[in-house]
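The following exercises introduce a protein chain step by step. Please examine the sequence and the structure before reading each solution.

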Amino acid sequence: MPGPYDLAEERDIPWEGDGPSAVEGRSAGAQSSAIYYRLPDTPVGHHIKEYPSGLRQLVRFVGVEEQVVKVSLN
């Protein structure tokens with residue numbers, strides 16, 4: 001009989017809050033993360049968002065919302 005807590009080991013399908021499974025490994029999370037930075041010639045109020053794949057975007061933040069201004073900066 002199950003106890004008052006639903007442990008991850010007792011479920012068939014992992015919940016979203018459990019994070020990546022051991023089969024997926026840690027590389028799945030690392031590939032989707034992007035870094036934000038600024039260069040001396042970056043317009044005021046904007047940041048460069050770069051993905052591990054090399055894709056770069058010029059973005060700005062309006063409140064907490066991110067807006068893409070330009071894709072594929074070279």
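**Exercise 1.** In what order do the elements of the protein chain run from the N terminus on?

*Solution.* The model is predicted, so local features need pLDDT of at least 70 and side-chain atom pairs count only at pLDDT 80 or more, while totals for chains, interfaces and linings use all residues. Residues are numbered from 1 along each chain as its sequence is written, and side-chain values use heavy atoms, without hydrogens and water. Helices (H or I, at least four residues) and strands (E, at least two) are DSSP runs, numbered from the N terminus. The order is α-β-β-β-β, which gives one helix and four strands.

**Exercise 2.** Determine how strands S1, S2 and S3 pair.

*Solution.* Strands pair if DSSP finds at least two bridges between them. S1 and S2 are antiparallel, with three bridges; here Tyr36 has Lys49 in S2 as its bridge partner. S2 also pairs with S3 (residues 56-62), in the antiparallel sense over five bridges, and Lys49 stands opposite Gln57 of S3. Five residues separate S2 from S3 in their hairpin, and Gly54 in the turn has a positive phi of about 105 degrees.

**Exercise 3.** Establish whether Thr42 is buried or exposed, and describe its surroundings.

*Solution.* Thr42 is located in the loop between S1 (35-37) and S2 (46-50). Because its relative accessible area is 8%, Thr42 is buried (under 20%, with a 1.4 Å probe and protein chains only; exposed is over 50%, partly exposed in between). A polar atom of the Thr42 side chain lies 2.8 Å from the backbone nitrogen of Leu39. Beyond its neighbours within four places in sequence, Thr42 is in contact (heavy atoms within 4.5 Å) with His47, Ile48 and Leu58.

Methods
Polar contact = N/O pair within 3.5 Å; in protein donor to acceptor, adjacent residues only side chain to side chain.
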